[in-house]
Amino acid sequence: GNTVAAKDALVTAIQPWDGEKQVLPGTMVKEGQLLISGVVQNDYAGVRYLRGMGRVYGRTWYELRCQVPLTVQEKVYTGRETVRRALLVGKNRINLYFSSSIPGDTYDKIADKDKWTLPGGIPLPVTMVTETLREYSLREAARSQEEAMRLADTILTARLKRSMEEGEVLRRELTGQVVGDTLLVTLSAECQEQIGRFIDSPKE
């Protein structure tokens, strides 16, 4: 097998466990480039086939973007509530109300469950379910650029962590630009991470 570059990077350290390194620190490599070869040849032992495994660390750069709307839909509760109850007997549900239909779909549903027991704490296979439906309307509200930047920072930081194999962020910069009714946010980051990916040789 061989170890290849999982992404474009500037190699900073290479530590072969088995096999022969093909690049030196300070080398720019492309995704898929051979870093540690499992095929080793010398004048004494001839050709040997090894695992070609090891650790390769490199400097990587990311530029991630996301758009955050500068308006948001807020809930405004109307004060109207509907309470309905049902019994769960085993796997069966018995509704204790006549109709399950509710006008509109802008409501929150809060469910409480109360499991029935006999005196002495002996459980019964019966649960009372109480559902409270709180109606609300939606209104459009402005979102500040500071709030949009914080939200984008959270989203892009999580995306950066998922993109990195194993390493740390050395430098990062967050910038924003208003485009219409959205904020376009860009995260530029310089990282140090393990970029080696081992690939098994195909079996004959």
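Guide: Let's start with some vocabulary: a residue is buried under 20% relative accessible area, exposed over 50%, and partly exposed in between. Keep in mind that what you see here is a predicted model.

Visitor: Okay, then why is Glu 74 called partly exposed?

Guide: Its relative accessible area is 33%. That value sits between 20% and 50%, so Glu 74 lands in the partly exposed class.

Visitor: What makes the pair Glu 74 and Arg 139 a salt bridge?

Guide: Their closest N and O atoms are 3.3 Å apart. The cut-off is 4 Å between a side-chain nitrogen of Lys or Arg and a carboxyl oxygen of Asp or Glu, so this pair qualifies.

Visitor: How many salt bridges turn up in the whole structure?

Guide: A search finds 13 of them. The Glu 74 and Arg 139 bridge is one where N and O come to 3.3 Å. It ties together distant parts of the chain, with Glu 74 in strand β9 (residues 71-89) and Arg 139 in strand β12 (residues 122-142), 65 residues apart.

Visitor: And what makes Arg 84 and Glu 131 a salt bridge?

Guide: Here the N to O distance is 2.6 Å. That is within 4 Å, so the name fits. This pair, too, links distant parts of the chain: Arg 84 belongs to β9 and Glu 131 to β12, 47 residues apart. Both residues are buried.

Visitor: How do you know that Asp 153 and Arg 172 meet in a salt bridge?

Guide: Their side chains come to 2.6 Å, N to O, and the limit is 4 Å, so they count. Asp 153 sits in helix α1 (residues 145-163), Arg 172 in strand β13 (residues 167-179), and the two are 19 residues apart.

Visitor: Are Asp 153 and Arg 172 buried, exposed or partly exposed, and why?

Guide: Asp 153 has 26% relative accessibility, which is between 20% and 50%, so it is partly exposed. Arg 172, at 35%, falls in that range as well, so it is partly exposed.

Visitor: Which residues are joined into one network by salt bridges that share partners?

Guide: Those are Arg 59, Arg 171 and Glu 190.

Visitor: Why does Gln 192 count as buried?

Guide: Its relative accessibility is 19%, and buried means under 20%, so Gln 192 makes the cut. You'll find Gln 192 in strand β14 (residues 182-194). Leaving aside residues up to four places away in sequence, it touches several others, including Thr 12, Tyr 57, Met 164 and Leu 170.

Visitor: What makes Gln 192 and Thr 12 a polar contact?

Guide: The contact between their side chains is 2.7 Å, and the limit for N or O atoms is 3.5 Å, so that one is in. The side chain of Gln 192 also makes a polar contact with that of Arg 59, at 3.3 Å.

Visitor: How do you know that β1 and β15 pair?

Guide: Pairing takes at least two bridges, and 4 join strand β1 (residues 2-5) to strand β15 (residues 196-199), so they pair, running antiparallel. Across from Val 4 stands Arg 197 in β15.

Visitor: What about β1 and β5?

Guide: β1 and strand β5 (residues 34-37) share 2 bridges, so they reach the required two and pair in the antiparallel sense. In β5, Val 4 has Leu 34 as its bridge partner.

Visitor: Last one: why is Val 47 partly exposed?

Guide: Val 47 has 39% relative accessibility, between 20% and 50%, so partly exposed is the right label. It lies in strand β7 (residues 46-49). Together with Val 39 and Tyr 49, Val 47 forms a nonpolar surface patch of about 320 Å² of accessible area.

Conventions
Residues numbered from 1 in each chain as written. Predicted model: local features only at pLDDT ≥ 70, side-chain atom pairs only at ≥ 80, totals over all residues. Heavy atoms only, no water. Patch = residues over 30% accessible without salt bridge, like charges linked within 9 Å, V, L, I, M, F, W, Y side chains within 5 Å. Areas by Shrake-Rupley, 256 points an atom, 1.4 Å probe, with all protein chains shown as cover. Buried < 20%, exposed > 50% of the residue type's maximum accessible area, 1.4 Å probe, protein only. Polar contact = N/O pair within 3.5 Å; in protein donor to acceptor, adjacent residues only side chain to side chain. Contact = heavy atoms within 4.5 Å.
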